[in-house]
Amino acid sequence: MRRIYLDYNASTPIDLVVAPAMGPFLEDHFGNPSSGHWAATPAKAAIEKARGQVAALLACHDDEIVFTSGGSEANNLALKGVAWPLKAKGDHIVTSTVEHPAILEPCRFLTQCGCSVSFVPVDGAGHVDPDDVRRAITSKTVLVSIMHANNEVGTIQPIEQIGRITGDHGILLHTDAAQSVGKIATSVDALGVDLLTIAGHKVYAPKGVGALYVRRGASIEPLIHGAGHEGGRRAGTESALLTVGLGAACELAGDPEAMERVRALRDRLWQQLQAKLGNRIALNGHPEYRLPSTLNVSFIRRPGSEILSQLEGLAASTGSACHSGRIELSPVLRAMRIAPEIAMGAIRFSLGRGSTQAEVDEVAQGISRVFLERGSHA
Ligand SMILES: Cc1ncc(COP(=O)(O)O)c(C=O)c1O
């Protein structure tokens, strides 16, 4: 199979419009944005323009955007940065069982620092029940962190409903929107969140940049202490090069037509696989509340990694890993209680701006051929 990239949830290419916007900051405008002379002016202005572009996508104030090195840092800043100043008030955090490691690991760290963390379960479609969040909240809870959309199966969580619950309790709500920004609406007021994570390389910006939205009034301790960059919330000389890339990407990201095209291709891939393989495949994730880009399919009783290894040109992901002959199932699918013989066969296809109908048709054809060929020998 020729090279086909269906792993946009892992990373996106830098958009053709984004790269030229960054060019002048690679070549000419090297000044430190904090300096007080002419060399600082273009860099400082560009960073503030980028902040405005990111804020426009989230419908928030410019000063509520803190630039970070990516989604992982934004998540760490949200969790540790909130837990620290609020420790006199409480030490309990609520999150879910299907979060990205960039949430689960800081939570594990915080438990070592004396916090306690409750993990709300998900149903078979990967959906959190807001009532479980309500029940998990105690008088010691200072933060709820539930991802907006899951990276593996694409299930979209009911953040608006959870936001009403945290609002009623006066508790901060963070959402990891690394996968949802640019794919579905992420207005912070509509979602009712106080903190929201963006990862640049999931929205056609470069790697190494992201942002955390921090609602005005929410106090946050920096992870990196130093000079007062980013309103005292993240020390370190800002990169105009990277923030300009993120800003330009966010300006492009809100196009609903582009996403509808991706959704139609995603559905076409699913329909073709279903037509060829019928009940030998199963959909993982919510049939309706799911990212338009994401199709996680289980090829029943066949390791997803084995299928992908037969199709060298195809870049897609399997959540399950094979270690010393044993298949380790994806923690997300385990949390969804997907039966092992189904979970082992999961492949995540994630589509994006560059995906085409010809690619989708070729992948459906190639995957079905590999599955049926090997299946008949088994
Ligand atoms: C849901 C989610 N959160 C956080 C991250 C981490 O983002 P970054 O790679 O920018 O650190 C990812 C990346 O895969 C992700 O999918």
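Buried means under 20% relative accessible area, exposed over 50%, and partly exposed in between, with a 1.4 Å probe and protein chains only. By that rule Tyr-204 is buried, because its relative accessibility is 11%.

This is a predicted model: local features need pLDDT of at least 70, side-chain atom pairs count only at pLDDT 80 or more, and totals for chains, interfaces and linings use all residues. Residues are numbered from 1 along each chain as its sequence is written, and side-chain values use heavy atoms, with hydrogens and water left out.

## Positive phi

Most residues other than glycine have a negative phi. Tyr-204 is not a glycine, yet its phi is positive, about 70 degrees. Tyr-204 sits in the loop between β7 (195-199) and β8 (210-214). Helices (H or I, at least four residues) and strands (E, at least two) are DSSP runs, numbered from the N terminus. Arg-301 also has a positive phi, of about 65 degrees, and is not a glycine either. Arg-301 belongs to the loop between β10 and α11 (304-309). Arg-301 is exposed, because its relative accessible area is 59%.

## Parallel strands and crossovers

Strands of a sheet pair through backbone hydrogen bonds, either parallel or antiparallel. Two strands count as paired if DSSP finds at least two bridges between them. The parallel pairings of β3 and β5 are tabulated here.

| Strand pair | Bridges | Opposed residues |
|---|---|---|
| β3 (92-96) and β4 (116-120) | 5 bridges | Val-94 and Ser-118 |
| β3 (92-96) and β5 (141-145) | 3 bridges | His-92 and Thr-141 |
| β5 (141-145) and β6 (172-176) | 3 bridges | Val-144 and Leu-173 |

From β5 the chain passes through helix α6 (residues 159-169) to β6, in a right-handed β-α-β crossover. Right-handed has a viewing rule: with the strands pointing away from the viewer, the path from the first strand over the helix to the second runs clockwise. A right-handed β-α-β unit is also made by β3, helix α4 (residues 101-112) and β4. Strand β5 is mostly covered: 5 of its 5 residues are buried.

## The antiparallel sheet

An open sheet has 3 strands, in the order β9-β10-β14, with antiparallel pairing. Its edge strands are β9 (281-284) and β14 (346-350), each paired on one side only. From one strand to the next, the twist averages 30 degrees. Strand β10 (residues 294-299) runs antiparallel to β14, with 5 bridges between them. Ser-298 stands opposite Ala-346 in β14.

Helix α10 (residues 256-277) packs on this sheet and touches β9, β10 and β14. Contact means heavy atoms within 4.5 Å. The direction of α10 makes about 15 degrees with that of β10. Axes are lines fitted to C-alpha atoms, for helices over the stretch in contact, and angles run from 0 to 180 degrees between N-to-C directions.

## Helices α1 and α9

Helix α1 spans residues 18-27, and its buried residues include Val-18, Met-22, Gly-23 and Phe-25. An α-helix has 3.6 residues a turn, so residues three or four places apart point the same way. Among the elements covering the buried residues of α1 are α2 (41-58) and α9 (240-253).

Which residues does Thr-243 touch? Not counting residues up to four places away in sequence, they are Ile-47, Ala-50, Phe-67 and Val-209. Thr-243 lies in helix α9. Thr-243 is buried, because its relative accessible area is 3%. A polar atom of the Thr-243 side chain lies 2.8 Å from the backbone oxygen of Ser-239. A polar contact is a pair of N or O atoms within 3.5 Å; within protein, one must be able to donate a hydrogen and the other to accept it, and residues adjacent in sequence count only if both atoms are side-chain atoms.

## Cysteines

How many disulfides does the structure hold? The count is 0. A disulfide is a pair of cysteine sulfur atoms within 2.5 Å. Cys-60 is in no disulfide, and its nearest cysteine sulfur, that of Cys-250, is 10 Å away. Cys-60 counts as buried, because its relative accessibility is 14%. Cys-113 is in no disulfide either; the nearest cysteine sulfur is that of Cys-115, 6.8 Å away. Cys-113 counts as partly exposed, because its relative accessibility is 47%.
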